[in-house]
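Trainee: I'd like a close look at one part of this model, along with what surrounds it. Please take me through it step by step, and explain the cut-offs as you go.

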Amino acid sequence: MKVLVAVKRVIDYNVKVRVKADNSDVDLTNVKMAMNPFCEIAVEEAVRLKEKGVASEIVVVSIGPKVAQEQIRTALALGADRGILVETDEKLESLTVAKTLKAIVEKEEPQLVILGKQSIDNDNNQTGQMLGALTGMPQGTFASEVTVDGDKVNVTREIDGGLRTVGLKLPAIATTDLRLNEPRYASLPNIMKAKRKPLDVVSPADLGVEIKSSQTLVKVEPPAERSAGIKVGSVDELIEKLKNEAKVL
């Protein structure tokens with residue numbers, strides 16, 4: 001079974017995000033970049049399926065600038081077999097990414113597509129669902145457990161008050177939640193081996209996809225700083241402030 005995993009290059013989650021002085025965008029100057037954490041979980045799940053003998057090949061795809069090869073190489077070091085970079089410097093939106101992935105799916109014909117449920121930069125949580133709509137493939141989102149059973153994959157997700165499991169006929173799409181697994185660290189020998197694994201670079205035009213934007217970024221602002229709290233001397237003073245200052249009573 002071939003598994004296709006989509007990964008995205010984002011600002012490292014440990015880095016404090018800075019906004020440009022003119023509020024036009026996020027400042028990426030000298031900022032450490034990394035693989036989106038939910039994408040790491042997707043790669044780990046694919047590798048575990050391969051270790052169980054369920055998956056025979058893992059193909060990792062990313063869409064973005066040339067430097068996104070770094071994140072593909074990271075996935076290869078974690079256990080993926082080969083990578084594909086759809087190289088573009090254009091600003092990407094969820095629908096454009098989904099259309100590009102659809103072209104990759106039609107070319108590679110994987111039995112299972114695994115994506116992170118969302119990226120930590122835009123937090124849209126849209127691409128997996130859009131890809132399902134475009135391809136007509138069944139989808140299981142926010143997966144906390146993925147089990148392949150013959151020609152079917154069972155995807156379990158957490159809901160209010162319990163768990164829900166959906167059975168999807170392959171080929172199918174799954175998006176990963178935080179509790180699905182804990183990604184491993186790449187060993188030095190595997191990092192060296194990843195440099196020799198195949199990585200194909202294609203353009204959107206090669207796939208018959210046009211990268212165009214339907215949205216305009218108007219302004220980026222950091223969240224407002226929280227004001228310092230105060231101490232009150234009595235319950236009566238607390239009630240008075242809640243009533244007259246905060247106006248929540």
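**Helix α2 and its surroundings**

Mentor: In α2, the residues Gln71, Ile72, Ala75, Leu76, Ala77 and Leu78 are buried (under 20% relative accessible area with a 1.4 Å probe on protein chains only; over 50% is exposed, and anything in between is partly exposed). Helices here are DSSP runs of H or I with at least four residues, strands are runs of E with at least two, and both are numbered from the N terminus. Bear in mind that this is a predicted model, so local features need a pLDDT of at least 70 and side-chain atom pairs count only at 80 or more, while totals for chains, interfaces and linings use all residues. Residues are numbered from 1 along each chain as its sequence is written, and side-chain values use heavy atoms, leaving out hydrogens and water.

Let's start with isoleucine 72, which sits in α2. Isoleucine 72 counts as buried because its relative accessibility is 0%. Beyond its neighbours within four places in sequence, isoleucine 72 is in contact (heavy atoms within 4.5 Å) with Ser62, Gly83, Ile84, Leu85 and Leu199. Its C-alpha atom is 9.4 Å from that of alanine 6, although 66 residues separate the two along the chain. Once the helix ends, glycine 79 follows, with a positive phi near 135°.

Leu76, another of the buried residues of α2, leads us to β7, since Leu76 is among the contacts of arginine 82, a residue of that strand. Arginine 82 is buried because its relative accessible area is 17%. The side chain of arginine 82 makes polar contacts (N or O atoms within 3.5 Å, one able to donate a hydrogen and the other to accept it, with sequence-adjacent residues counted only if both atoms are side-chain atoms) with two carboxylate-bearing residue types you will recognise by name: the side chain of glutamate 57 at 2.6 Å and the side chain of glutamate 108 at 2.5 Å. Besides Leu76 and these two glutamates, the contacts of arginine 82 outside its sequence neighbours include Lys2, Ile58, Val59, Val60 and Pro198.

Follow β7 (82-87) onward and you enter the loop before α3 (94-108), where threonine 88 is placed. Threonine 88 counts as buried because its relative accessibility is 8%. A polar atom of its side chain lies 3.1 Å from the backbone nitrogen of glutamate 90. Leaving out neighbours within four places in sequence, threonine 88 touches Ile63, Gly64, Pro65, Pro204 and Ile211.

Now back to the helix, this time for the space beside it. α2 gives the most to the lining of the second largest pocket, with five residues. A pocket is an open set of points on a 1 Å grid over the protein atoms alone where a 1.4 Å probe fits, with protein on both sides within 12 Å along at least five of seven lines, and lining residues have an atom within 4 Å of a point. This pocket has a volume of about 590 Å³, counted as the space filled by probe spheres set on points joined across faces, edges and corners. Of its 24 lining residues, Glu40, Thr74, Pro183, Arg184 and Tyr185 lie nearest the centre. Besides α2 (69-78), the elements β5 (33-35), α1 (37-51) and α5 (188-194) each supply at least two lining residues. By type, the lining divides into 13 nonpolar, four polar and seven charged residues (Ala, Val, Leu, Ile, Met, Phe, Trp, Tyr, Cys and Pro are nonpolar, Asp, Glu, Lys and Arg charged, the others, including Gly, polar).

α5 also bounds a loop worth a stop: aspartate 177 lies between β12 (172-176) and α5. Aspartate 177 counts as buried because its relative accessibility is 13%. Its side chain makes a polar contact of 3.1 Å with the side chain of lysine 117, and its contacts away from its sequence neighbours also include Phe38, Ile41, Phe142 and Ala143.

To set all this in the whole chain: there are six helices and 13 strands, and 41% of the 249 residues are buried. Among contacts with a separation of 6 or more, 69% join residues 24 or more positions apart. The C-alpha trace spans about 70 × 45 × 40 Å along its principal axes.
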